[in-house]
Amino acid sequence: MVKFQFDPSKCILPYDANELRPTKCLKCLDVCPASLLMFRPLKEKDEFGAPKFFEIHMIFKAYSKKFCPDCLKCVDICPEQAIKIKI
Ligand code: SF4
Ligand code: SF4
């Protein structure tokens with residue numbers, strides 16, 4: 001399994017109330033050739049019950065060795081060095 005590590009202290013993804021989703025950055029999602037990266041809400045909620053922040057995670061983790069070619073594009077494009085990948 002590919003080990004995907006995300007540091008939420010380096011990547012802050014606030015909720016965008018107009019778009020109903022985080023809109024900041026998300027370069028890692030755009031660059032992944034296998035579309036393996038997604039955002040998901042963290043537990044903390046605002047006064048309307050909407051998630052305050054999101055984190056990046058890898059989908060199909062159990063099959064990541066098959067789908068993730070270890071291109072490291074997500075690591076290279078991240079301006080905050082928030083992503084680490086270990087094979
Ligand atoms: S290493 Fe490449 S394929 Fe794997 S998650 Fe990152 S961008 Fe996607
Ligand atoms: S590229 Fe880095 S800073 Fe941008 S959303 Fe992805 S993990 Fe966060």
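This briefing describes a four-stranded sheet and the surroundings of one ligand in a predicted model. Local features require pLDDT of at least 70 and side-chain atom pairs count only at pLDDT 80 or more, while totals for chains, interfaces and linings use all residues. Residues are numbered from 1 along each chain as its sequence is written, and chains are lettered from A and ligands numbered from 1 in the order in which they are written.

**Sheet**
- An open sheet is formed by 4 strands in the order 3-2-5-4, with antiparallel pairing; strands (E, at least two residues) are DSSP runs numbered from the N terminus, and two of them pair if DSSP finds at least two bridges between them.
- Strand 3 (21–22) and strand 4 are at the edges with a single partner strand each, so one side of each has no neighbour in the sheet.

**Strand 5 and its partners**
- Strand 2 (residues 13–16) pairs with strand 5 over 2 bridges; L13 stands opposite F54, and P14 stands opposite F53.
- Strand 4 (residues 37–41) pairs with strand 5 over 5 bridges, and R40 has E55 as its bridge partner.
- Along strand 5 (residues 53–58), F54, I56 and M58 point to one face and are buried (20 or more other C-beta atoms within 10 Å of their own, with C-beta atoms placed from the backbone).
- F53, E55 and H57 point to the other face and are not buried.

**Ligand 2**
- The residues surrounding ligand 2 include C11, C25, C28, I56 and C78 (C-beta atom, placed from the backbone, within 6 Å).
- This shell has 10 nonpolar, no polar and 2 charged residues (Ala, Val, Leu, Ile, Met, Phe, Trp, Tyr, Cys and Pro count as nonpolar, Asp, Glu, Lys and Arg as charged, and the others, Gly among them, as polar).

Methods
Buried ≥ 20, exposed ≤ 12 C-beta atoms within 10 Å, placed from the backbone.
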